[in-house]
Amino acid sequence: MASGGGTVLVVDDEPSLRLLCRVNLELEGLRVLEAATLDAARGQLEREQVEVVVLDVHLGSGDGRDLLDELRAAESAVRVVMLTGSVEPTGGRFAAADRVVTKPFEPLHLVATVRELIDAAHVDSAT
């Protein structure tokens, strides 16, 4: 059952993965935006209020960790879930991510992770 809403930006160059994320997150009652490139993601972040970015590491247009670094350098409150096909990293450039989800993943695990971060964002903004 969906609890409060929120907006999620899914950044992945694979249309099928964006669709999988969008459908499952929308079932949770979340508003989902999509971007296939880092430039499109930057544009969405400039225009929209987003609580969580689900960000693939390996994009055809670049490295998702670059956007993560930009968000942290700007001291953005946006939470970031990094998606990676490699073994779950524990540090380095992933240390700034709020969560790391390893592909392949269970959609319900991703939804629970995003929901947890959105709920935390709502608590933080209320205090």
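# Briefing: a five-stranded parallel sheet, its cores and its salt bridges

Strand S3 is mostly covered, with 5 of its 5 residues buried. The model is a predicted one. S3 belongs to an open sheet of 5 strands in the order S2-S1-S3-S6-S7, paired in the parallel sense. The points below treat the sheet, the nonpolar cores, the salt bridges and the surroundings of glycine 64.

**Strand S3 and its partners**

- From S3, the residues Val52, Val54 and Asp56 point one way, while Val53 and Leu55 point the other way, and all of them are buried.
- In a regular strand, side chains alternate between the two faces of the sheet.
- On one pairing, S1 and S3 run parallel over 4 bridges, and valine 10 has valine 54 of S3 as its bridge partner.
- On another pairing, S3 and S6 run parallel over 5 bridges, and valine 54 has valine 81 of S6 as its bridge partner.
- Valine 54 is thus named in both pairings, with valine 10 and with valine 81.

**Sheet edges, twist and helix H1**

- Within the order S2-S1-S3-S6-S7, the edge strands are S2 (31–35) and S7 (99–102), each of which pairs on one side only.
- From one strand to the next, the twist averages 20 degrees.
- Strand S1 (residues 7–11) pairs with S2 in the parallel sense over 5 bridges, and leucine 9 stands opposite leucine 33 of S2.
- Helix H1 (residues 15–27) packs on the sheet and touches S1, S2 and strand S6 (79–84). The direction of H1 makes about 170 degrees with that of S2.

**Nonpolar cores**

- The largest nonpolar core has 21 residues, of which Leu9, Val11, Leu45, Val53, Leu55, Leu67 and Met82 touch the most other members.
- Two or more residues of this core come from each of S1, S2, helix H2 (38–47), strand S3 (52–56), helix H3 (64–73) and S6.
- A second, separate core contains 18 residues, including Val10, Leu25, Val111 and Leu117.
- Val53 and Leu55, which point the same way from S3, are both among the best-connected members of the largest core.
- Leucine 9 touches, beyond residues up to four places away in sequence, Leu33, Glu34, Ala35, Ala41, Gln44, Leu45, Val50, Val52, Val53 and Val54.
- In soluble globular proteins, nonpolar side chains tend to be buried together.

**Salt bridges**

- The structure holds 13 salt bridges, and Arg18, Arg22, Glu26 and Glu34 are linked in a network of them.
- Glutamate 34 and arginine 22 meet through their side chains in a salt bridge of 2.6 Å, N to O. This pair links distant parts of the chain, with glutamate 34 in strand S2 and arginine 22 in helix H1, 12 residues apart.
- Glutamate 34 has a relative accessible area of 29% and is therefore partly exposed; arginine 22, at 26% relative accessibility, also counts as partly exposed.
- Arginine 72 forms a salt bridge with aspartate 98, and their closest N and O atoms are 2.7 Å apart. Here too distant parts of the chain are linked: arginine 72 lies in helix H3 and aspartate 98 in the loop between S6 and S7, 26 residues apart.
- Arginine 72 counts as partly exposed at 24% relative accessibility, and aspartate 98 is partly exposed with a relative accessible area of 26%.
- Arginine 115 and aspartate 119 join their side chains in a salt bridge of 3.1 Å, N to O. Both residues lie in helix H4 (residues 107–126), 4 residues apart, or about one turn of the helix.
- Arginine 115 counts as buried because its relative accessibility is 8%, under the 20% cut-off. Aspartate 119, by contrast, is partly exposed, with a relative accessible area of 33%.

**Glycine 64**

- Glycine 64 is found in helix H3 and, at 0% relative accessibility, counts as buried.
- Apart from neighbours within four places in sequence, glycine 64 is in contact with Leu38, Leu55, Asp56, Val57, Leu59 and Met82.
- Among these contacts, Leu55 and Asp56 are buried residues of S3, and Leu55 and Met82 belong to the largest nonpolar core.
- The C-alpha atoms of glycine 64 and alanine 41 are separated by 10.0 Å, the two residues being 23 residues apart along the chain.

Note on methods
Residues numbered from 1 in each chain as written. Predicted model: local features only at pLDDT ≥ 70, side-chain atom pairs only at ≥ 80, totals over all residues. Heavy atoms only, no water. Pairing = 2+ DSSP bridges. Axes fitted to C-alpha atoms, helices over the stretch in contact; angles between N-to-C directions. Contact = heavy atoms within 4.5 Å. Core = buried A, V, L, I, M, F, W, Y, C linked by side-chain atoms within 4.5 Å. Buried < 20%, exposed > 50% of the residue type's maximum accessible area, 1.4 Å probe, protein only. Salt bridge = Lys/Arg side-chain N within 4 Å of Asp/Glu carboxyl O.
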